[in-house]
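Student: I would like to learn how to read a model like this one, beginning with a single residue and working outwards. Could you take me through it step by step?

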Amino acid sequence: QVQLVESGGGEVQAGGSLRLSCTASGDISRRDCMGWFRQAPGKEREAVATIAVGGGRLYFADSVKARVSISQETATITKHLEMKNLKPEDAGVYYCAAGRPLGAVGQCPSHPAEYKFWGQGTQVTVSS
């Protein structure tokens, strides 16, 4: 089992910045993957960014690629997702997830179905 605790989120003005944090514990290794996904009302859950627990193997969705970065803490398995220049379409519930890598190369998947463990979700609202 893997436990995920998220923090951050809330209401942000369009053009503003946001930081989401996710701390993982339990049966998780450096080779495993963590990611942020979001879901807007009436839409499917989609990947925002994924990263290996040990770092690297990054994926960013095209819609956020130029506006997102990930930092990490090594003392705990904590990843921070920083988003800037938020747009109304960035609003939704953001989830942290953890899962196993794919294949021999260990690519971190971008489809939510590949992730077994999920955080509770945090609401992000973008006001204009």
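Tutor: Let us begin with Val126, which lies in strand β11, and keep in mind throughout that the model is predicted.

Student: Is Val126 buried or exposed?

Tutor: The general idea is to compare the relative accessible area with a cut-off, and buried means under 20%. Val126 has a relative accessibility of 12%, and therefore counts as buried.

Student: Which residues is Val126 in contact with, once its neighbours within four places in sequence are left aside?

Tutor: One group consists of Val12, Gln13 and Ala14, and the others are Leu86, Lys87, Pro88, Asp90 and Ala91. For a sense of distance elsewhere, Val126 and Arg45 are separated by 81 residues in sequence and by 18 Å in space, C-alpha to C-alpha.

Student: How do I read Ala49 in the same manner, and is Ala49 buried or exposed?

Tutor: Ala49 belongs to strand β5, and its relative accessible area is 0%, so this residue is buried. Not counting residues up to four places away in sequence, Ala49 touches Met34, Gly35 and Trp36, as well as Tyr59, Phe60, Ile70 and Leu81. Thr76, by contrast, is 27 residues from Ala49 in sequence and 19 Å from it in space, C-alpha to C-alpha.

Student: Why should I expect nonpolar side chains to be found together?

Tutor: The general idea is a tendency: in soluble globular proteins, nonpolar side chains tend to be buried together. In this structure the largest nonpolar core has 28 residues, of which Leu4, Met34, Trp36 and Leu81 touch the most other members. At least two residues of this core come from each of the strands β1 (2-8), β3 (18-26), β4 (33-39), β5 (46-52), β7 (68-73), β8 (77-83), β9 (92-99) and β11 (122-127). The strand that gives the most to this core is β3, with 4 residues. There is also a second, separate core of 7 residues, and its members include Ala47, Ala97, Cys108 and Tyr115.

Student: Turning to the backbone, which residues other than glycine have a positive phi?

Tutor: For a backbone angle, it helps to read the sign together with the residue type and the place in the chain. Asn85 is one of them, with phi near 50°, and it lies in the loop between β8 and β9. With a relative accessible area of 41%, Asn85 is partly exposed. Arg57, which is not a glycine either, has a positive phi of about 50° and is found in the loop between β5 and β6 (59-60). Because its relative accessibility is 30%, Arg57 counts as partly exposed.

Student: Which residues is Arg57 in contact with, leaving aside its neighbours within four places in sequence?

Tutor: The contacts of Arg57 can be read as stretches of sequence: Arg30, Arg31, Asp32 and Cys33, then Thr50, Ile51 and Ala52, then Pro101, and finally Val105, Gly106, Gln107 and Cys108. Asp90 gives another reference point, being 33 residues from Arg57 in sequence and 23 Å from it in space, C-alpha to C-alpha.

Student: Where does Ser110 lie, and which residues is it in contact with, leaving aside its neighbours within four places in sequence?

Tutor: Ser110 lies in the loop between β9 and β10 (117-118), and a relative accessible area of 33% makes it partly exposed. Its contacts, with those neighbours left aside, are Phe37, Ala47, Thr50 and Tyr59. Ser110 and Met34, although 76 residues apart in sequence, have C-alpha atoms 10.0 Å apart in space.

Student: How many helices and strands does the chain have?

Tutor: The chain has 0 helices and 11 strands. Of the contacts with a separation of 6 or more, 59% are between residues 24 or more positions apart.

Student: What does the radius of gyration say about the chain as a whole?

Tutor: The idea is to compare the value with the one for a compact globule, which for 128 residues would be near 14 Å; the chain has 14 Å, so the two agree. The C-alpha atoms fill a box of roughly 45 × 25 × 25 Å along the principal axes, and buried residues make up 45% of the 128 residues. As for charge, the chain has 14 positive and 12 negative side chains, with the centres of the two sets 5 Å apart.

Conventions
Residues numbered from 1 in each chain as written. Predicted model: local features only at pLDDT ≥ 70, side-chain atom pairs only at ≥ 80, totals over all residues. Heavy atoms only, no water. Rg over C-alpha atoms; globule rule 2.2 N^0.38 Å. Buried < 20%, exposed > 50% of the residue type's maximum accessible area, 1.4 Å probe, protein only. Contact = heavy atoms within 4.5 Å. Lys, Arg positive; Asp, Glu negative; His and termini not counted. Charge placed at Lys NZ, Arg CZ, Asp CG, Glu CD. Core = buried A, V, L, I, M, F, W, Y, C linked by side-chain atoms within 4.5 Å.
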